[in-house]
Amino acid sequence: MLFIPVYLIFIPVFTALIIYVFKSKYVNYLALVAQFAMTVLLIMYYNAYGDQPDATLFVFGDWDARVGISLYNDRLSLSFMFLTIFTWWMVLIYTFNFRETNEKNDNFLFFLMFLQGVFLGFLQSNDLFNLFVFLELTTILVTILIAFKKTGDAYRAGIYYELINVSGVLFFLIGIIILYNSFGTINVLAIQQLLEGLPDYVALRMAYIFLMIGASVKAALFPLYTWLPKAHGVAQSGISALLSGLVVKGGLYLFIRINDMFSPANYSYSDFFFVVGGITAGVGVMFALSQKDMKQILAYHTVSQVGIMMMGLSSLPTNDLFYGGLYHVFNHALFKSLLFLGAGVIIQAYRTKKVSDIRGVMKTMPVVSVLMIVGMLSITGAPLFNGFISKTIIKYGIYDQEWKYWILFFVNIGTATSFIKMSQIFFGPKPMTILLSETPQRVSMIIIAFSCVILGTFYIPISTGFFGVDLSYVSPFGLLPLYDYIATLTIGFAFYKLVIEKDVKPVRMIREFKVSFETANYLMVIYVVALVTYFIIL
Amino acid sequence: MDPILTFVVILIGFYGLSTSTNIIKSVFCVTIIESGVILLFLNLGNLDGGSIPIVGEGITMIADPLPQALMITTIVIGSTVTALALMLCIKVFHHYGTVEWAEILRREEGK
C-alpha cells in the first residue's frame with residue numbers, strides 16, 4: 001500500500017517508454033489500460049490513507065527522512081491527484097485519434113503520459129529539491145507539447161514559455177539553497193518543524209520571497225503572466241485544456257505548499273497576494289475583452305480566473321475564503337478544459353479561430369454547442385453550475401471589505417461580457433462546408449459537462465469529503481442569486497453592445513499592446529523588488 | 001570565491017535577460033544565471049582545506065556531499081533546457097528567418 005505513490009509516478013513513465021519504443025497503433029491502447037490501473041490504485045490509496053495523512057510518509061531506501069528522497073500525501077495533494085488523473089483521462093480520450101498535426105507516429109502519447117508521471121511526482125514530493133526537479137521537467141515537457149503544432153508561432157511561444165519559466169524556477173532554486181544553508185535539510189516537513197519558535201530572520205524571509213517567485217511565475221500572476229496567453233493560445237486544443245485546466249494550477253499548489261511550510265513563521269502575506277490576485281483578474285479580463293481569436297480569449301480568461309483563485313487562496317487556511325479559492329481551482333479545471341475542448345472541435349470544423357468568422361454552431365453541432373453553453377454558464381457563475389459555488393464562497397469571504405468586493409464584481413461583469421461576445425458563434429446562418437469530428441471528443445466533453453453540473457449541485461458532500469469544510473450556507477436555490485446573475489448578464493450585454501461590438505479605440509489599443517520578452521524579464525525583476533519591499537523593508 | 005561574486009554573476013544574467021533582443025543571447029543569459037546559482041550552492045557546501053566527499057584513509061575533513069549531488073542534477077537539467085531552447089531557436093529561424101524577438105513579432109503581424 002505504501003508503495004502506491006511510487007507506482008503512480010512510474011506507471012505513466014514506463015507506459016510512455018513502451019509506447020515510444022514499439023510505436024504501433026495497438027500499443028497506444030496501453031495508455032488507456034495504464035490510466036485505468038492508476039485510477040484503481042489511487043482509489044485504493046485514498047481508501048487506505050485518506051483520513052490519516054501522517055502515515056503516508058514514504059522515504060526511498062530507508063534513509064533518514066531529512067536527507068533522503070521522500071513522498072508525502074495529505075488531503076490537498078490527494079484531491080489534486082484525483083483531478084490530475086481525471087483531466088488526463090479526458091484529454092487522452094479527446095486526443096486519442098484527434099490531433100491537429102497530420103503526422104503518423106508523432107510521439108504525442110509519449111510526451112503526454114510522461115508529463116502525467118512528472119506532474120503526479122510534483123504533487124507528492126516532500127523535499128524541495130525534488131519539487132525543483134519535477135518543476136523543471138514539467139517546463140521541458142510542456143515546452144515540447146506547446147511546440148508540437150510545428151508552426152512558427154508555436155515554436156516562438158514554446159521558447160518564450162521555456163525561458164521565462166526556467167529563470168523563474170531558478171529563483172526557486174536560490175530559495176532552496178538559502179533554506180539548506182540555514183537548516184541543513186530540504187525536507188518540507190522537517191523545515192516546518194524547525195521553523196517553530198525561531199526568531200524572524202531576514203535570510204528566511206529572503207528564502208520565502210525566492211520560493212514565492214518560482215510559484216508566481218508558474219501560476220502566471222500579474223506581471224509574470226505574459227507567457228500564458230501565447231502558450232495556451234497556440235497549442236493544440238487538447239493540450240491547451242491540459243495546460244489551462246491543470247498545469248497552471250501547479251503554481252497555485254506550490255503557493256499553498258510554501259505557505260503551509262512557512263506557517264510557523266506567520267508572515268502576513270494575505271494583503272499583498274490579494275492585491276496581486278485582484279490585479280491579475282482585472283488585467284486578464286481586460287485583455288480577454290479585446291481579443292478576437294477564440295483561443296486567446298479563453299487563455300486570457302485563464303489569467304483572470306487564476307487571479308480570482310489567488311484572491312481566495314491568499315487568505316489564511318482557517319478562513320472559508322481559502323476554501324472558496326481551492327474549490328475554484330477544481331471548478332476552473334473542469335469548465336476551462338470543457339471550453340477549450342469545445343473550441344478545438346469548433347475550430348477544427350470551421351478552420352478558423354476568429355470569433356467573428358464562426359457563425360451558426362447551434363445548427364451544425366447542437367451537442368457541442370449545448371456543452372459549450374454549460375461551460376460558459378459555469379465560468380460566468382450561473383446558479384446550479386459549479387462556478388457559482390466557489391464565486392459565492394469568495395464573495396461571502398470578502399463581504400465586509402468593500403473594495404475587495406468591487407474588484408470581484410467588475411471581473412464578473414467582464415467575464416459575462418466576454419462570453420456574451422463569444423456566444424455569438426451559436427447564432428447566425430449555417431455555413432456550407434464544415435468538417436465534423438468523431439464521437440470520442442464528445443464523450444469526454446459530456447463527462448466534463450456532467451461533472452460541472454454535479455459539482456454545482458452536490459457540492460456539500462464533495463467539499464466535506466475532500467477538504468473537510470461545511471459549505472451548507474451556500475444555496476444556489478432561491479431568487480437572490482438568480483437576480484444577481486441576471487443583473488450581471490444585463491450589464492454585460494449592455495457593455496458588449498455599447499463598447500465591445502463597436503470595437504472602439506481603447507479596445508483596439510489594448511489588443512495591440514504587446515509585451516516583449518525583455519520587458520517581461522524586466523517586469524520579473526520589478527516583481528522581485530516589490531516582494532522584497534513588502535516582506536523585508538516594510 | 002566569495003558568495004557575493006556569484007550573486008554578481010546571477011545579476012549579470014538578469015541584466016542580459018532584460019536587455020538583449022536576440023533569442024540566442026537570451027538562452028545564454030539563462031545559462032549564465034544557472035551557472036551563478038550552481039556556483040553559489042557549491043560555495044556554501046565547500047569547506048576550506050576539506051577534500052572530496054569520498055571516504056578513504058587519512059581523510060578527516062570532507063566537503064558537504066549533498067550540494068554536490070544536487071548540483072550535478074541541476075547541471076544535467078540545465079544542459080537539457082539549453083539544448084531544447086537552442087533547438088527551438090533553429091526552428092524559429094527556419095520559420096521567420098531571424099532570431100530577434102522584435103523582428104519576429106513584426107513579421108507575425110505582417111502575415
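Here are some worked exercises on a predicted two-chain model.

Housekeeping: residues count from 1 along each chain as its sequence is written, and chains are lettered from A and ligands numbered from 1 in the order in which they are written. Since this is a predicted model, local features need pLDDT of at least 70 and side-chain atom pairs count only at pLDDT 80 or more, while totals for chains, interfaces and linings use all residues.

**Exercise 1. Find out which helix of chain B gives the most to the side that touches chain A.**

Step 1: get the head count. Chain B puts 36 residues into the contact and chain A 29 residues, where a contact means C-beta atoms, placed from the backbone, within 7 Å.

Step 2: split by helix (a DSSP run of H or I, at least four residues, numbered from the N terminus). On chain B, α1 (3-19), α2 (23-45), α3 (65-96) and α4 (101-110) each supply at least two residues. The top contributor is α3(B), with 15 residues.

Step 3: add confidence, using pLDDT (the predictor's confidence in each residue, from 0 to 100). Chain B has a mean of 85, with 95% of its residues at 70 or more. Within chain B, α3(B) is highest at 90 and α4(B) lowest at a mean of 82. For the whole model, ipTM is 0.92 and pTM is 0.92.

**Exercise 2. Check the length of α22(A) and work out which side of it is buried.**

Step 1: do the length test. Helix α22 of chain A (residues 517-537) has 21 residues, so at 1.5 Å a residue it should span 30 Å; the expected span is 1.5 Å times one less than the number of residues. Its end C-alpha atoms sit 29 Å apart, which agrees.

Step 2: list the buried residues (20 or more other C-beta atoms within 10 Å; 12 or fewer is exposed, in between is partly exposed; C-beta atoms are placed from the backbone). They are A:Phe517, A:Ala520, A:Asn521, A:Met524, A:Tyr527 and A:Leu531.

Step 3: look down the axis. These residues cover an arc of only 105°, so they lie on the same side of α22(A); the arc is that of the directions from the helix axis to the C-beta atoms. An α-helix has 3.6 residues a turn, so residues three or four places apart point the same way.

Step 4: see what covers that side, and what doesn't. The cover includes α6 and α8 (202-219) of chain A, plus α1, α2 and α4 of chain B. On the face turned away, A:Val529, A:Thr533 and A:Ile537 are exposed.

**Exercise 3. Is A:Val303 buried or exposed, and what does it touch?**

Step 1: place it. A:Val303 is in helix α12 (residues 294-313) of chain A.

Step 2: count neighbours. With 26 other C-beta atoms within 10 Å, A:Val303 is buried.

Step 3: name the contacts. Leaving out residues up to four places away in sequence, A:Val303 touches A:Ala220, A:Tyr225, A:Leu228, A:Pro229, A:Thr280 and A:Gly284.

**Exercise 4. Say where A:Lys150 and A:Asn266 sit, given their positive phi.**

Step 1: A:Lys150 has a phi of about 60° although it isn't a glycine. A:Lys150 lies in the loop between α5 (128-146) and α6 of chain A, and with 14 other C-beta atoms within 10 Å it is partly exposed.

Step 2: A:Asn266, also not a glycine, has a positive phi near 60°. Its loop runs between α10 (237-261) and α11 (270-290) of chain A. With 10 C-beta neighbours inside 10 Å, A:Asn266 counts as exposed.
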